[in-house]
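Trainee: I would like to go through this model with you, beginning with the ligand. Could we settle the terms before we look at residues?

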Amino acid sequence: MVDNKLSLQLWIDDASRQSISFGDYCIRSQSEELCIPGEELISRMVIALEVMDAAIRHGLSGKRSSSGLVGGDGQKMLATLKEKPEGYLLGTTVSKAIMMSLAAAESNSCMGRIVAAPTAGSSGVLPGVLFAIGESKNFDRKHLARGLVVAGCVGLVIASRASLSGAEGGCQAECGSAAAMAAGAVVDLCGGTPAQVGDAVAIAMKNMLGLVCDPVAGLVEVPCVKRNAGAAAQALAAAEMALCGISSAIPVDEVIDAMASIGHSMPCTLKETSQGGLAMTPTGKSIARCVHNS
Ligand code: SF4
């Protein structure tokens with residue numbers, strides 16, 4: 001049997017041997033893979049960033065989903081941050097990442113146009129993290145586009161070794177993967193080494209392991225929108241740790257394999273069927289009755 005699994009560790013070691021950043025390594029390998037120049041790849045990622053930016057703005061308009069379950073929380077947080085730029089507890093960067101992740105995920109729930117990164121359900125994490133870091137570090141769109149290439153490469157490895165689907169691996173595969181992709185991107189954007197990118201991916205993924213997929217009423221709304229915000233904070237925490245030189249005791253590929261194995265062990269009730277977890281709480285069931293009978 002042919003093993004088609006990609007290895008993030010192998011790519012990291014390769015980049016380290018060549019003494020180049022992981023971002024440069026990813027741009028080079030992906031432009032070869034896609035048979036396009038690196039500048040073209042970056043231009044495509046800039047377009048994706050524009051869609052992400054528009055999704056944030058759409059979410060911040062305060063629109064509510066057709067069920068009425070979500071919408072307006074990003075706007076609420078933006079109003080608070082205008083008065084208190086550092087938020088109550090978390091500081092400007094993390095607060096902004098949470099606010100923009102809420103907004104982009106709300107846009108998805110309101111049927112807005114999003115970039116599935118890696119999925120629609122987890123489409124708030126990367127926009128929130130990248131634009132918050134971009135604002136705090138004054139990174140331009142082209143630099144942020146490098147981060148998207150790194151995130152994409154991390155996602156490719158996760159897809160090949162595990163899954164990016166809540167129906168297959170639970171929310172650890174969606175929001176967990178998005179957090180891992182964002183953490184790796186941030187470390188590279190901030191000048192971290194390839195090894196630190198791997199540590200950030202591993203730490204973010206480890207902190208999201210076991211997360212189930214239990215959407216209330218079968219809608220990608222509750223708990224999905226707030227999970228995106230939580231995953232954005234996890235991504236930044238993992239990136240901060242990795243940039244401080246904290247490494248993961250479990251190597252990154254093994255962490256991804258553990259996610260796959262946990263996903264396989266998870267009962268079907270906790271994999272997008274809305275038959276368990278929050279979906280089956282008394283309130284979750286009551287919401288489902290209202291949504292489906294209206
Ligand atoms: S709970 Fe399920 S549907 Fe919602 S974001 Fe997570 S994986 Fe996607």
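Mentor: Certainly. Helices are DSSP runs of H or I with at least four residues, numbered from the N terminus. Please keep in mind that this is a predicted model.

Trainee: Which helices each supply at least two residues of the shell around the ligand?

Mentor: Helix 9 and helix 11 do so. The shell itself consists of G121, G166, C171, E174, C213, D214, C224 and R227.

Trainee: How does that shell divide by class?

Mentor: There are three nonpolar, two polar and three charged residues around the ligand.

Trainee: And which pocket does the ligand sit in?

Mentor: The ligand sits in the second largest pocket, which holds about 210 Å³ of space. Its lining has 17 residues, and those nearest the centre are E174, C213, V220, C224 and E272.

Trainee: Which helix gives the largest share of that lining?

Mentor: Helix 9, residues 171-189, gives the largest share, with three residues. Helix 11, residues 224-243, also supplies at least two. By class, the lining of this pocket comprises nine nonpolar, four polar and four charged residues.

Trainee: What about the largest pocket, then: how much space lies in it?

Mentor: About 290 Å³. It is lined by 20 residues, with M45, L148, A151, G152 and C153 closest to its centre. Two or more lining residues come from each of helix 2, helix 3 (38-59) and helix 7 (141-161). Helix 7 provides the largest share, seven residues.

Trainee: How many charged residues does the lining of the largest pocket have?

Mentor: None; the lining has 17 nonpolar and three polar residues.

Trainee: Changing topic, how many aromatic pairs does the structure hold?

Mentor: One. F22 and Y25 form that pair, and their rings are stacked, with 6.1 Å from centre to centre and 15° between the planes. Both F22 and Y25 are buried.

Trainee: Why are F22 and Y25 separated by about one helical turn?

Mentor: Because they are three residues apart in helix 2, which covers residues 22-34.

Trainee: On to the backbone. Which peptide bonds are cis?

Mentor: Two to look at are the bond from A117 to P118, with omega near 5°, and the bond from V222 to P223, with omega near 10°. P118 lies in the loop between helix 5 and helix 6 (125-137). P223 is placed in the loop between helix 10 (194-206) and helix 11.

Trainee: Why single those out?

Mentor: Because most peptide bonds are trans; likewise, most residues other than glycine have a negative phi. On the second point, N138 has a positive phi of about 60° without being a glycine, and S274 also has a positive phi of about 60° and is not a glycine.

Trainee: Where do N138 and S274 lie?

Mentor: N138 is in the loop between helix 6 and helix 7, while S274 is in the loop between helix 12 (252-265) and helix 13 (282-293).

Trainee: Is S274 buried or exposed?

Mentor: S274 is buried, because its relative accessible area is 14% and the cut-off for buried is under 20%. N138 is exposed, at 71%.

Trainee: Lastly, where does E86 lie?

Mentor: E86 is in the loop between helix 4 (73-83) and helix 5 (92-109), and is exposed, with a relative accessible area of 55%. Its C-alpha atom is separated by 12 Å from that of A132, which is 46 residues away along the chain.

Notes: Residues numbered from 1 in each chain as written. Predicted model: local features only at pLDDT ≥ 70, side-chain atom pairs only at ≥ 80, totals over all residues. Heavy atoms only, no water. Phe/Tyr/Trp six-rings, centres within 6.5 Å; stacked < 30°, edge-to-face > 60°. Buried < 20%, exposed > 50% of the residue type's maximum accessible area, 1.4 Å probe, protein only. 1 Å grid on protein atoms, 1.4 Å probe; cavity = no way out; pocket = protein on both sides within 12 Å on 5 of 7 lines; lining within 4 Å. Points joined across faces, edges and corners; volume = space filled by probe spheres on them. Nonpolar A, V, L, I, M, F, W, Y, C, P; charged D, E, K, R; others polar. Near = heavy atom within 4 Å. Sits in = over half its atoms within 2 Å of the grid points.
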